[in-house]
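Please read the following account alongside the sequence and the model. It begins with the chain as a whole and then turns to individual elements and residues.

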Amino acid sequence: MKKRNFWNKKKVLITGSGGFVGTHLKEKLRKLGADVYGVSRSSSDKHDYKENITNLSAVEGIIKKNRIQICYHLAAEALVESGQSDPYNTFKNNITGALNVLECSRKYNLEKIIIASTSHVYGDHKPPYLERFSPRPSRPYETSKTCIDLIAQSYANTFSLPVIIPRFVNTYGPGDTNFNRLIPKTIKSILENKPPLMWGGKARRDYLYIDDVISAYTLLGETKMEKFGKNRIYNFGSNNIYSVQEIIEILIKMSGKDLEIVRKKDERDFEIKIQFSSFKKANRILGWSPKFSIDRGLLLTIPWYKKNLNKIIK
């Protein structure tokens with residue numbers, strides 16, 4: 001007997017569907033047979049709604065009209081720097097957007113709501129971060145994400161809402177056009193034959209390739225809620241732990257170019273020296289594990305920028 005495809009005709013909403021992760025997730029779920037709708041201010045996809053996630057009536061209308069069953073809430077002011085320069089709107093947009101999704105999910109009895117979080121909420125805990133650690137945010141971005149996590153857990157516990165909260169480490173791969181991030185920014189500099197700039201360079205982070213992120217999201221979507229039990233929060237990482245300087249040096253070496261790093265002495269404000277997460281829980285309960293080393297991931301990433309950089313920056 002042929003196994004039923006979980007995703008076939010499943011009605012899925014992805015907020016932030018025009019973003020880096022949202023675009024990849026949308027493509028994957030459609031290949032699996034899902035009917036995927038998106039909310040994005042930037043997407044040109046005909047199935048995406050150009051609405052602001054902070055508009056409650058718009059979110060409700062989309063969920064009601066399309067009879068959404070599963071929602072991936074990815075939309076957010078996603079950069080630490082945005083929170084530094086515009087803290088008010090970072091708090092307002094991130095928290096209001098998540099609250100709208102949760103309230104509409106409660107009202108229309110969605111079968112699952114996956115609220116994207118980040119390992120940054122753990123702050124200055126000693127790594128590896130475990131899901132049982134209480135959040136220790138400092139800057140507006142991760143503080144807003146912590147607030148969302150707490151609100152989501154409140155909805156889950158009070159209204160028996162089927163909420164899952166994945167916390168990802170730094171994500172990279174083809175299609176990331178945010179050149180404030182280390183890997184896209186460095187690849188861009190190298191392709192333009194410009195020496196990469198580096199502030200500080202000692203901060204160490206874990207880097208997770210986009211295909212590993214999408215496999216995690218897909219698995220979270222199709223796993224029955226009974227299997228999660230009371231475990232709502234899951235870390236996803238890779239153990240690819242490198243300093244900023246090491247990442248830049250790897251990319252220069254892969255390029256074969258004779259470029260020197262231009263060093264800036266200043267560190268970023270409130271920079272935590274080392275951050276990485278344990279993903280043992282995701283492996284034990286869900287059977288998830290990362291497949292991509294940093295070398296393999298970067299070798300798959302660089303050609304995309306070679307092909308598309310000129311189109312992006314025009």
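Two residues are said to be in contact when heavy atoms of theirs lie within 4.5 Å. The model discussed here is a predicted one. Among the contacts in the protein chain between residues at least 6 apart in sequence, 80% join residues that are at least 24 apart.

The overall dimensions may be considered next. The protein chain has 314 residues, and because a compact globule of that length would have a radius of gyration near 20 Å, the 19 Å found for this chain agrees with such a form. Along the principal axes, the C-alpha atoms fill a box of roughly 55 × 45 × 40 Å. The secondary structure comprises 11 helices and 14 strands. Of the 314 residues, 52% count as buried. The chain exposes about 15,500 Å², and carbon and sulfur atoms supply 50% of that area.

Helix H2, which spans residues 56-66, illustrates how one element is covered by others. Its buried residues are Ala58, Val59, Glu60, Ile62, Ile63 and Asn66. The cover over these buried residues of H2 includes three strands, S1 (11-15), S2 (35-39) and S3 (48-49), together with helix H4 (87-107). After H2 comes Arg67, which has a positive phi, near 50 degrees.

A second site of interest is a loop. Ser238 is placed in the loop between strand S11 (233-236) and strand S12 (241-243). Is this residue, Ser238, buried or exposed? Ser238 counts as buried, because its relative accessibility is 9% and the limit for burial is under 20%. Its side chain makes a polar contact of 2.6 Å with the side chain of Asp206. In addition, a polar atom of the Ser238 side chain lies 3.0 Å from the backbone nitrogen of Asn240. With neighbours within four places in sequence left aside, Ser238 is in contact with Asp206, Tyr207, Leu208, Phe279 and Pro290. Asp206 thus appears both in this list and as the partner in the side-chain polar contact.

The surface offers a further feature. Leu197, Trp199 and Val262 form a nonpolar patch there, and together they have about 240 Å² of accessible area. Val262 belongs to strand S13, which covers residues 262-264. Why can Val262 be described as partly exposed? The relative accessible area of Val262 is 31%, and the partly exposed class lies between the buried limit, under 20%, and the exposed limit, over 50%. Patch membership requires over 30% relative accessible area, so Val262, at 31%, meets that requirement.

Notes. Residues numbered from 1 in each chain as written. Predicted model: local features only at pLDDT ≥ 70, side-chain atom pairs only at ≥ 80, totals over all residues. Heavy atoms only, no water. Patch = residues over 30% accessible without salt bridge, like charges linked within 9 Å, V, L, I, M, F, W, Y side chains within 5 Å. Areas by Shrake-Rupley, 256 points an atom, 1.4 Å probe, with all protein chains shown as cover. Salt bridge = Lys/Arg side-chain N within 4 Å of Asp/Glu carboxyl O. Helix = DSSP H or I, 4+ residues; strand = E, 2+ residues; numbered from the N terminus. Buried < 20%, exposed > 50% of the residue type's maximum accessible area, 1.4 Å probe, protein only. Polar contact = N/O pair within 3.5 Å; in protein donor to acceptor, adjacent residues only side chain to side chain. Rg over C-alpha atoms; globule rule 2.2 N^0.38 Å.
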